[in-house]
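Me: I've got a two-chain model open and want to talk through how it's put together. Can we go step by step, starting with how the chains meet?

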Amino acid sequence: MHRPAWAPGDVDMDTASPARMYDALLGGSHNFEVDRRAAAQAVAMVPDLPLVALSNRAFLRRAVRHLAAAGIRQFIDIGSGIPTVGSTHELAQAVAPDSRVVYVDIDPVAVSQSRAILGDDPHTTVIEGDLRAADRILADNRLRALIDLDQPVGVLLVAVLHLLTDADDPGGAVASLRDAIAPGSYLAISHLTSTLRPDDAAQLATHAAERSRVPIIFRSRPEITAFFTGLTVVEPGVVELPAWRPETPDDLHEEQGRSLGLAGVGRRD
Amino acid sequence: MTTRAPSEQLPDAVPGVARFARRWARALRRTSHVSMTAAEAEAYLLRHAGDLLDTVRATPFSPEPAKAIGTALVEVNFRSAAALRRTLAVLGSGFADDVASELAGELRPAALQARLAAVCGAVAEGFTLALQARTLAEQEQMQRAALTAVRTAEERRHMTEARFRAVFAEAAVGIGLVDPQGRVIDVNPTMARMLDLPITGMLGRTVAELVQPGGTPQTLAKFMELISGTRDHFRTETIRTLANGREVCLDLSMSMVRDQDGKPQFAIGVAVDITERRRLAERLWHEARHDALTGLPNRTLFFERLTELLVDGGPVGLCYLDLDGFKAVNDSLGHAVGDELLVAVARRLNETVAGAGRLVARLGGDEFVILTSQSGESAPPEPAEAVLSALARPFDIGGKQFTVSASIGVVDTRSGGTDPQQLMRAADITLYRAKAEGKGRWERHDPQRSARQVTLHILATDLPQALLRNEFYVQYQPLVSLGDGRMRGVEALVRWRHPELGLLLPDKFIPVAEETGMIAALGRWVLADSCKQARHWREAFPDQPIYVSVNIAVSQLHEPTLADDVFTVLKAEDLPPELLQLELTESAVLGDASGPLDALRVLADGGVQVAIDDFGTGYSNLAHLTRLPAHQLKLAGQFLHPLRAGASVDPAHYRIISAIISLAHELGLGVIAEGVEDPVQADRLRALDCDTGQGWLFGRPCPADEIARMLTAG
């Protein structure tokens, strides 16, 4: 049965959540036993998985800094999870203190936690939202209070699109975001991929299907590149996570040619 | 957030300290998730490396300040076990070498190692305490967040439930929830009102118990399928009788709601009261299929029923009925009276033939039809007879008595076939026959006689072509003076040589030509042809002037161009107008319209002769003759039959003929006797001073050549 928008879903703390597993992989404590166990199992299968998490986090940092340097002063971070260390608003506000950030996550616990962490920073807000209903996210009053969609905006879809199955129409979600943002806006995407390590990708996908409440869809390079339709992809294009504008050798967490993630940034002209 | 990395570089770093900071930063690389770049991390560590050196060389020595270094690591998220282990490792093995030059002479190596061991302990202690505090804080924050999320969700659930309650309670549609065993979980007040049952009386009872005994069985059957899992959804219309006897019609749709494993949870039913909507639909259906005036079924419904019955294949009978002279009622008494009469007729028809298997419909105007769906042995008696006698009783309309009669064509599927259009055509032809045969009667469809009727149809279709193909020709019958026996004129009589039907006389096709409007063209042709012939005779026999007498049909008189047409022809043939006589019936110039009479006056003034045809049959008005610009009176043959040889003459009739002839003479009219067949009749007419005779005694209609021969013979 379809759940109407005003009927809440359950707060589920008995199965692992992607946001908290990610936190566990980054060594954080914003997670539960069930998340840590699931993360540990995944690491047992793919021992360098924590490096993928670090690598993805580093991409977020470089992407936000890049957009901030390009003059972007408002960000929508969809699938933000738990904004602990090196979160979007810290990175953006380090460049321009008046930068505004809206965090969006589907997990009510993550949202609640994010609110606790962010306190009453007037430049940030956290809303509960579902990427599959992107137009609802953009219509949210709290978002509109901080974000002027007539001005360029940085939309971050970092490690979230791979949580949408094809039936969820991730391409449609990206397209509706793309169509809603003003020219000069950017869309940053990172996505788990099956391109370089198909066997590991398959194992992790199976694990997620069994242990997490949300499946993980490892997509191919062409599928991920297709998300940038209608956008001008900035240099160096859609590449392995560590290869996107590395600042120091330290950013190269994963070995070249073995990254489990692809990333890119597109500009709306 | 307290982990903002310091980005400032210490400008005057001690070389050994800088060396160690670099070594330390390299060691910490990839151990933890920090938001700093490598350079930022090195700068951050450089400051703490300086503190380390200060701690190690301080006098007196205390390792306590080194605890802050452990705390600082956790603070920027160098919090992994690997980060601590590698920090301790570089303190143990790299630090002494890196700062050897700075400490030269200050401490002996053994003392330095001892102090570093203590410093390592303090760093580990500070790290552990900070990590423990941080972890506990995060976990606590985590628990709080989870609780908040749960509480928020609860609040929202309450709100949702309140909203749902409101929707449930206030909805204009009936809503009911039923468990998988078919027992009612809950119903909203609207549903209770629709079903006319108290909510408390429904809860816990099965749907089967609530269904009315006389209700719609297929609805319950569908419900049972829903409960048993063979269907997930159904929608149906169902009727329920309320305690007060009122019937409500409900549009009911039910769906089974299943859990994630597909197990039935409950069924939800939504009912909409469509009683009014249905009533409206029925009314619209009724209005579209019934005559507004009489309330009888109309043409649409009649044809629907007829088609249904014919499809079913059973015997079907039709009585196609048309009131006689209804137009006159409408014209003389007005439409309001006409309408009242139609309503009364409709009511009487319904009363007379009402019964199973019979439908009375009004097709339009004063046309009605009775459709019977039984015939043969078990059929009720033919309704036509009953209808005629029912209509024969006077009608009381607005206090006045009316009698009407009707003509009826009766047809059934045995003789008329099973095609609705064909059947209606057969009925129409039969009705036409009933009219033609005297009205106020019914006729049964006779395929052979209908064929003749069909001929009329063929004639109407062929007429226009026939004129172009020269299928018409004119014969002439002598008009002979009873005084000297000489021919004075001829009557032109048109004939049609039909390619299939053979020779046709005017009585067959003139009415058709009048109906189809072809009479104008045909009349012009006859006039022209006759005048051309008259010119030939005049030229050939200048001493024996004979006139040609041409019949003019009623509708021709109404042609505004008649007079012009006649003069044009006369001019074309250079014929004196006195040699043309137009014959028309008295009734043709009766009536209100002044047009025909005016045309006739114009013609008469122009010298054209006018004869009144067929006088003595039907309605003959001598007084009327004075108003007509006529020259001759033609007495109908039928009227003169009593004067024939062997007939016994009724003295009264004889006196009437005599009076008419004298009166005609007194009015200056010549008299022509038609149908003169024997010399006795001719003698008697001569004795009555009749001027001219026409008939077999003097010559039958013949070709123009024959007239010429007669003139030659003198």
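Reply: Sure, and one definition up front: two residues are in contact if their C-beta atoms, placed from the backbone, lie within 7 Å. Keep in mind that this is a predicted model.

Me: On that footing, how many residues of chain B are in contact with chain A?

Reply: Contact here rests on that 7 Å cut-off between C-beta atoms. Chain A brings 27 residues to the meeting, and the number in contact with them from chain B is 33.

Me: Which helix supplies the largest share of the side of chain B that touches chain A?

Reply: Two helices of chain B, α2 (38–57) and α6 (109–170), each supply at least two residues of that side. By class, the residues there split into 11 nonpolar, 13 polar and nine charged. The largest share is 17 residues, and it comes from α6(B).

Me: How are α5(A) and α6(B) oriented to each other?

Reply: Helix α5 of chain A covers residues 108–118, and its axis is 8 Å from that of α6(B). The two pack at an angle of about 120 degrees. Angles of 65 to 115 degrees would count as roughly perpendicular and those over 145 as roughly antiparallel, so α5(A) and α6(B) come out as oblique.

Me: And what residue classes make up that contact?

Reply: On the α5(A) side you'll find A:Pro108, A:Val109, A:Ser112, A:Gln113 and A:Ala116. The α6(B) side includes B:Met142, B:Arg144, B:Ala145 and B:Thr148. Sorted by class, the contact of α5(A) with α6(B) has eight nonpolar, five polar and one charged residues.

Me: Where in chain B is the pLDDT below 50?

Reply: Chain B has a mean pLDDT of 86, with 95% of its residues at 70 or more. The model as a whole scores ipTM 0.77 and pTM 0.52. The low stretch still has 21 contacts in the model beyond near neighbours in sequence, and it is residues 1–10.

Me: On to the sheets. In the open sheet with antiparallel pairing, which strands stand at the edges?

Reply: That sheet has five strands in the order β2-β1-β5-β4-β3 (chain B). Its twist averages 25 degrees from one strand to the next. A strand with a single partner has one side left without a neighbour in the sheet, so the edges are β2 (184–187) and β3 (233–241) of chain B.

Me: In the hairpin of β3(B) and β4(B), which residue takes a positive phi?

Reply: β3(B) and β4(B) run antiparallel and are joined by nine bridges, with B:Thr236 standing opposite B:Leu252 in β4(B). The hairpin has five residues between the strands. The positive phi is near 90 degrees, and the residue that takes it is B:Gly245.

Me: What is the bridge partner of B:Ser253 in β5(B)?

Reply: Strands β4 (residues 247–258) and β5 (residues 264–273) of chain B are antiparallel, with nine bridges between them. For B:Ser253, the bridge partner in β5(B) is B:Val270.

Me: Which helix packs on that sheet, touching β3, β4 and β5 of chain B?

Reply: The helix covers residues 217–228. Its direction makes about 145 degrees with that of β3(B), and it is α10 of chain B.

Me: There's also an open sheet with mixed pairing; what are its edge strands?

Reply: This five-stranded sheet has the order β7-β8-β6-β11-β12 (chain B), and its twist averages 20 degrees from one strand to the next. Within it, β6 (residues 317–323) and β8 (residues 367–372) of chain B pair in the antiparallel sense over six bridges. Helix α12 (residues 299–312) of chain B lies across β7 and β8 of chain B. Each edge strand pairs on one side only, and the two are β7 (358–364) and β12 (442–444) of chain B.

Me: Last one: are α20(B) and α28(B) roughly parallel or roughly antiparallel?

Reply: Helices α20 (residues 519–540) and α28 (residues 704–713) of chain B have axes 11 Å apart and an angle of about 25 degrees. Among the residues that meet are B:Trp537 in α20(B) and B:Leu711 in α28(B), and the contact divides into six nonpolar, one polar and no charged. Angles under 35 degrees count as roughly parallel, so α20(B) and α28(B) are roughly parallel.

Conventions:
Residues numbered from 1 in each chain as written. Chains lettered and ligands numbered in written order. Predicted model: local features only at pLDDT ≥ 70, side-chain atom pairs only at ≥ 80, totals over all residues. Helix = DSSP H or I, 4+ residues; strand = E, 2+ residues; numbered from the N terminus. Nonpolar A, V, L, I, M, F, W, Y, C, P; charged D, E, K, R; others polar. pLDDT = per-residue confidence, 0-100. Axes fitted to C-alpha atoms, helices over the stretch in contact; angles between N-to-C directions. Pairing = 2+ DSSP bridges.
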